Amino acid sequence: MKKETFAVLLLALLLGLSILNAWALDKITGRLIGTMDACRSSIDAENWDDAAKQAETALDYWGKKGAYTHIVLRHSEIDALTENFYRLLERIYSRDGAAASCEARLTMEALESMSSIEKLRPGSIF
Amino acid sequence: MGISFMRTIIIFALLVISMRIMGKRQLGELEPIELAVAVLISNMASQPLQDIGTPLAYGLVPVLTLLACQVLISGLTVKNLRLRRLICGKSSILIHDGQIVQSEMKKTRLSLEELFVELRGKDVTDISTVKHAILETNGKLSVLLYPAEAPATPKQMSLTVDDPGLPVTVISDGRVLSDNLRLMGYNEKWLGNQLALRKTANASDVYLMTVDGLGRIYFARKEGNA
């Protein structure tokens, strides 16, 4: 009976950690999506300094969460998103409005996908 | 390189613990579900080892989940017969009262050749000597011969047989196992006398020495120490 209790507790712990991870990832990506949304608005308003500041803030925040993301995300996904941020900054620095807006949108899509994949939904499970 | 090394150590430790918790069955005695879990665990555990871009958690979480499910299912199947039948299936009687049960042969998709192979593995070459043959849920064939065909036991022949008990090793590769020696009711002095009787000066010259409950000794000197 001890082993079965241990198994149930272990399953509960793993499920709890999975839910906690989905919540934490949702918080991180949610904050980044918010920043990207603001960045996109600045791009559309051609406020390049503010757009650059927003993108740099997002990149900095993403980098700071590296210790956590490297434990729970595939490194290829992390690298792809980091590349997105740098491409966005490149477009902003070169003041290419259409490309920068598109890049911001692409980054937001990637963040949304990253968050939704970890959520316990039929679409993610199957 | 260092990451692979550390991950391999962690996964190895986890697998050893998992297998220890799951039980002592040999691979050939695994139930289908246990085999599936063993294959899945080895596959899942290898992923973060093959690709360092995959987090270790992607290997640890599935292994721990499978371990917990396996422990839970095996515990529940011991307590609940219906669940056991559902998960492990039930044994199939392939030969009943000397007759091959053809419907069970079809159901288990076992050919006659395969049945003969299994019977020969049990030292049975004449199928007419078999009263019952049962294909167990772990894939092993249990064979019960007709009483007239089964080897006679000392009891059937009204013979009294001494029980020598389990032979216990007292010297293994030159090393005296003092606990085993005491377990059998002997001491180092007795051992020294036994060695002297066999013209051996030291225990380090002995490859193997066992003693059973009747005091019978098996003695093998190390090669090159004649």
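Helix α2 of chain B has a face turned away from its buried side, and that face carries the exposed residues Val39(B), Ser42(B), Asn43(B) and Gln50(B). The model described here is predicted.

**The helix α2(B)**

Which residues of α2(B) are buried? They are Val37(B), Ile41(B), Ala45(B) and Pro48(B). These four lie on the same side of α2(B), because the arc they cover around the axis is only 60°. An α-helix has 3.6 residues a turn, so residues three or four places apart point the same way. The cover over the buried residues of α2(B) includes two other helices of chain B, α1 (2–22) and α3 (57–79).

The length of α2(B) can be checked as well. The helix takes in residues 32–50 of chain B, which is 19 residues, and at 1.5 Å a residue these should span 27 Å. The C-alpha atoms at its ends are 27 Å apart, so the expected span and the model agree.

**Contact with chain A**

Helix α3(B), which helps to cover α2(B), also has a part in the contact between chains. Twelve residues of chain B are in contact with 14 residues of chain A. On the side of chain B that touches chain A, α3(B) gives the most, with eight residues. Sorted by class, that side of chain B has eight nonpolar residues, four polar residues and no charged residues.

**The sheet**

Chain B also has an open sheet of four strands, in the order β6-β5-β7-β8, with antiparallel pairing. Its edge strands are β6(B), residues 175–176, and β8(B), residues 217–221, and each of these pairs on one side only. Strands of a sheet pair through backbone hydrogen bonds, either parallel or antiparallel.

Strand β7(B), residues 206–211, pairs with β8(B) in the antiparallel sense over five bridges. Strand β5(B), residues 168–172, is joined to β7(B) by four bridges, and these two strands also run antiparallel. The table lists residues that stand opposite each other in these pairs.

| Residue | Partner | Strand of the partner |
|---|---|---|
| Thr210(B) | Tyr218(B) | β8(B) |
| Leu208(B) | Ala220(B) | β8(B) |
| Val168(B) | Val211(B) | β7(B) |

How many residues lie between the strands in the hairpin of β7(B) and β8(B)? There are five, and in this hairpin Gly215(B) takes a positive phi near 85°.

Notes: Residues numbered from 1 in each chain as written. Chains lettered and ligands numbered in written order. Predicted model: local features only at pLDDT ≥ 70, side-chain atom pairs only at ≥ 80, totals over all residues. Pairing = 2+ DSSP bridges. Expected span 1.5 Å × (residues − 1). Buried ≥ 20, exposed ≤ 12 C-beta atoms within 10 Å, placed from the backbone. Arc of directions from axis to C-beta. Contact = placed C-beta atoms within 7 Å. Nonpolar A, V, L, I, M, F, W, Y, C, P; charged D, E, K, R; others polar.
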